[in-house]
Amino acid sequence: MSSAYELYSKLAHIAELEYPDIVVSAELKADRLRIHFLDGSFLDVWFSQTIPGKYAFHWERRHVNGSVYRWDNAAHKSIQHIDTFPHHLHEGKQENVKSFKPKPSWENTFKAILNYVKEKLRKNSLQPREA
């Protein structure tokens with residue numbers, strides 16, 4: 001079993017056990033983990049198998065309200081001014097780039113992102129269900 005698969009499995013477990021108020025299901029795919037949320041949106045979690053340290057957490061909401069959120073470390077030349085470069089967050093749309101620094105562990109980074117999702121869902125009037 002690959003280390004990425006083990007990490008995806010661990011993160012799926014965290015999502016389903018610790019965030020049942022917003023998470024419908026966790027789906028292990030061939031090259032990523034997909035977390036399905038109550039509002040019909042999903043979060044794809046991806047770690048490169050060929051480039052060590054390369055990652056992306058992509059919250060797809062364009063089919064829900066036109067927004068997209070992505071935490072990643074693609075070294076876009078246009079964002080070299082960001083203080084956490086190459087780490088950054090595309091907040092709401094591709095062009096809206098903000099600082100983002102991952103936590104010391106992927107598990108804690110994942111939890112921080114799920115907490116962000118939870119807060120956004122609350123603000124968008126989708127109340128998390130009782131656990």
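**Figure legends: overall fold and close-up views**

**View 1. The whole chain and its order of elements.** Read along the sequence, the protein follows the pattern α-β-β-β-β-α-β-β-β-α, which amounts to three helices and seven strands. The radius of gyration is 14 Å, close to the 14 Å that the globule rule gives for 131 residues, so the protein is as compact as a globular protein of that length. The model shown here and in the views that follow is a predicted one. Taken along the principal axes, the box filled by the C-alpha atoms has dimensions of roughly 40 × 40 × 25 Å.

**View 2. Surface, interior and charge of the protein.** Of the 131 residues, 41% are buried, while the surface that the protein exposes comes to about 7200 Å², with carbon and sulfur atoms supplying 51% of it. When contacts between residues at least 6 apart in sequence are considered, 35% of them join residues at least 24 apart. The protein carries 19 positive and 16 negative charges, and the mean positions of these two groups are 4 Å apart.

**View 3. The hairpin of strands β2 and β3.** Strand β2, residues 33–37, pairs with β3 in the antiparallel sense, and four bridges hold the pairing in the model. The two strands form a hairpin with four residues between them, and in the turn G40 has a positive phi of about 95°. Within this pairing, H36 stands opposite F42 of β3.

**View 4. Strand β3 and its pairing with β4.** Strand β3, which spans residues 42–47, is mostly covered, since five of its six residues are buried. In addition to its pairing with β2, β3 is joined by six bridges to strand β4, residues 55–61, and these two strands run antiparallel. F42, the residue that H36 faces from β2, stands opposite E60 in β4. In a regular strand the side chains alternate between the two faces of the sheet.

**View 5. The surroundings of F85.** F85 lies in the loop between β5, residues 67–72, and β6, residues 88–92. Is F85 buried, exposed or partly exposed? With a relative accessible area of 28%, F85 is partly exposed, because buried means under 20% and exposed means over 50%. Leaving aside the neighbours within four places in sequence, F85 is in contact with A75, H76, I79 and Q80. L121 is 36 residues away from F85 along the chain, and the C-alpha atoms of the two are separated by 27 Å.

Methods. Residues are numbered from 1 along each chain as its sequence is written. This is a predicted model: local features need pLDDT of at least 70, side-chain atom pairs count only at pLDDT 80 or more; totals for chains, interfaces and linings use all residues. Side-chain values use heavy atoms; hydrogens and water are left out. The radius of gyration is taken over C-alpha atoms; the globule rule is 2.2 Å times the number of residues to the power 0.38. Buried means under 20% relative accessible area, exposed over 50%, partly exposed in between (1.4 Å probe, protein chains only). Contact means heavy atoms within 4.5 Å. Accessible areas come from the Shrake-Rupley method with a 1.4 Å probe; for residues, only the protein chains shown count as cover. Lys and Arg count as positive and Asp and Glu as negative; His and the chain ends are not counted. The place of a charge is taken as NZ of Lys, CZ of Arg, CG of Asp or CD of Glu. Two strands pair if DSSP finds at least two bridges between them.
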